[in-house]
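Biologist: I should like to go through the reasoning behind several descriptions of this model. Please state the criterion wherever a conclusion depends on one.

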Amino acid sequence: MKHTKVKDLLSSTKTLNEVNAKGWVRTFRNNQFIALNDGSTINNIQCVVDFENTPEETLKRITTGAAVSVYGELVESKGAGQKYEIQVSRLEILGDSDAEKFPMQPKKHSLEFLRENAHLRVRTNAFGAIMRVRSVLAHAVHNYFQEKGFVYVNTPIITGSDAEGAGEMFKVTALPFDGTPRTEEGKVNYKEDFFGKETNLTVSGQLEAETYAMALGQVYTFGPTFRAENSNTSRHLAEFWMIEPEVAFNDLNDNMDLAEDFIQYVIKYTMDKCGDDLKFLEGRLVEEEKSKPQAERSEMTLLEKLNFVLENNFKRVSYTEAIDILRDCTPNKKKKFNYIINEWGADLQSEHERYLVEKHFKCPVILFDYPANIKAFYMRLNEDGKTVRAMDILFPGIGEIVGGSQREERYDVLVEKMKVLGIDEEELWWYLDTRRFGSAVHSGFGLGFERLVLFVTGMTNIRDVIPFPRTPQNAEF
Ligand code: 4AD
Ligand code: MG
């Protein structure tokens, strides 16, 4: 007999004579009631054990964390809180659990404690919900682009180029640390390395995606991305997942339209599919907010925040307008910001981004036309000669969730820019080829998948929305 998922049992439309459910015991009350969860839903199914006819030995082994298989009848529940329960006729212990040592006790654990037990935290309600939401969001991403005829491109994870030019890369090498081959000048001789050149883990698939957009028209990547930036913040991971659409003939406005429509679609899709999980996460957030001072509490619940994003256009504001707002705002004048905004040209920190979104506009914001010298080399230079066609999307509670731009499609302008920044033209010969052979206006953006999951789940630390986070000094599991 094949076992039935708890989710299907709970949504049954009728009682059933013989069912089998398998899962892990969440709690076992009064030597009689098992709350069984199998991960298919946040809800447990209640299994009523016939304790008079079950050997004492077996009853003792029904402990929190144990894997069990129960057979019995699906009957209408007499208790409150569930429509159906299983009247157990036979129970098998599939795997014991050391009840005393099992770290996931049915009580509230701190998020830090759960991070140290990332291999078991998914057995809690919150992490089960987060990971199901994450999975559905990933599906939504593919659905959106596939429905629109985009081609999914797998860009390389090992690459020779630094797409963002920020130098925050993890080296990939097969050279030995002892007796590393050296050139005559004493530098590491990468010619003797596995690839015969210096390589690293990718910081972005954009440059390769651009080459594909210049043939397939609309493409997207969705893959792991690596940054060796030493930022121990609640928004940064050393290994994260990024979605990067790239579209031929799109200008910056088309790019903004695409990003906004895309984000709204994936949120809506997930709200439609993950009702129970989001409801649970909303309740979790309400509890968490209670421990905060009144002034810091959110005015909206999780679902209200998600609906707000669906129902309101993102506010589009130029960098120059944003600087004017920031220069004159109270926290800047009262020197409450860590970085005081004095002049046009300043790079925006997350405190500024969050001020704009959370205090000033009170809605998602798209900032565009940034100063050229604080943005990457590939962005299209505006007629003013000092700003580029960049856009960042800023979200409440998150700050930057998307970074994108219209790309510099003019060969001469691009080469000049690379010269100024000291970017090796020979290394990027293939990228420059796209500007020599059939160059055209094109645009794209990168959305940090975990930052999206943060927003949708209402979690506040990025380490809690990826199964096994990689951050400075941490690569356990
Ligand atoms: O703004 P970024 O650096 O842009 C790019 O990499 C472009 N090549 C994208 C493109 O135009 N195709 O990164 C894009 C997004 C950020 O907005 C942020 O959401 C996320 O990636 N991100 C990170 N997420 C988690 N941890 C990190 N260390 C991140 N760095 C960037
Ligand atoms: Mg960025």
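Modeller: A residue is near a molecule if one of its heavy atoms lies within 4 Å of it. The model is predicted, and 24 residues surround ligand 1.

Biologist: Which residues are the closest to ligand 1?

Modeller: The closest are Glu164, Gln206, Arg227, Glu244 and Glu400.

Biologist: What makes the pairing of arginine 227 with ligand 1 a polar contact?

Modeller: An N or O atom in the side chain of arginine 227 is 2.8 Å from an oxygen atom of the ligand. A polar contact is a pair of N or O atoms within 3.5 Å, and therefore this pair counts as one. Backbone atoms also take part: an N or O atom of the leucine 237 backbone lies 3.0 Å from a nitrogen atom of ligand 1. For valine 402, a backbone N or O atom lies 3.5 Å from an oxygen atom of the ligand.

Biologist: Why is glutamate 409 called buried?

Modeller: Its relative accessible area is 13%. Buried means under 20%, so glutamate 409 belongs in that class. Of the 477 residues in the chain, 51% are buried.

Biologist: Where is glutamate 409 found, and what does its side chain contact?

Modeller: Glutamate 409 sits in the loop between strand E15 (399-406) and helix H12 (411-421). Its side chain makes a polar contact with the side chain of arginine 380, at 2.8 Å. Leaving aside residues up to four places away in sequence, glutamate 409 touches Arg380, Arg435, Ser439, Ala440 and Val441.

Biologist: Why is helix H8 described as oblique to helix H14?

Modeller: Helix H8 (residues 302-311) and helix H14 (residues 449-457) pack at an angle of about 120°, and their axes are 8 Å apart. Angles of 65 to 115 degrees count as roughly perpendicular and those over 145 as roughly antiparallel; an angle of about 120° falls in neither class, so H8 is oblique to H14.

Biologist: Which residues of H8 and H14 meet, and how do they divide by character?

Modeller: From H8, the residues are Leu302, Lys305, Leu306 and Val309; they meet Phe455, Val456 and Thr457 in H14. The residues of this contact divide into five nonpolar, one polar and one charged. Lysine counts as charged and threonine as polar, which means that Lys305 is the charged residue and Thr457 the polar one.

Biologist: How many helices and strands does the chain have, and what does its C-alpha trace span?

Modeller: The chain has 14 helices and 16 strands. Along its principal axes, the C-alpha trace spans about 85 × 60 × 45 Å.

Key:
Residues numbered from 1 in each chain as written. Chains lettered and ligands numbered in written order. Predicted model: local features only at pLDDT ≥ 70, side-chain atom pairs only at ≥ 80, totals over all residues. Heavy atoms only, no water. Axes fitted to C-alpha atoms, helices over the stretch in contact; angles between N-to-C directions. Helix = DSSP H or I, 4+ residues; strand = E, 2+ residues; numbered from the N terminus. Parallel < 35°, antiparallel > 145°, perpendicular 65-115°, else oblique. Contact = heavy atoms within 4.5 Å. Buried < 20%, exposed > 50% of the residue type's maximum accessible area, 1.4 Å probe, protein only. Polar contact = N/O pair within 3.5 Å; in protein donor to acceptor, adjacent residues only side chain to side chain.
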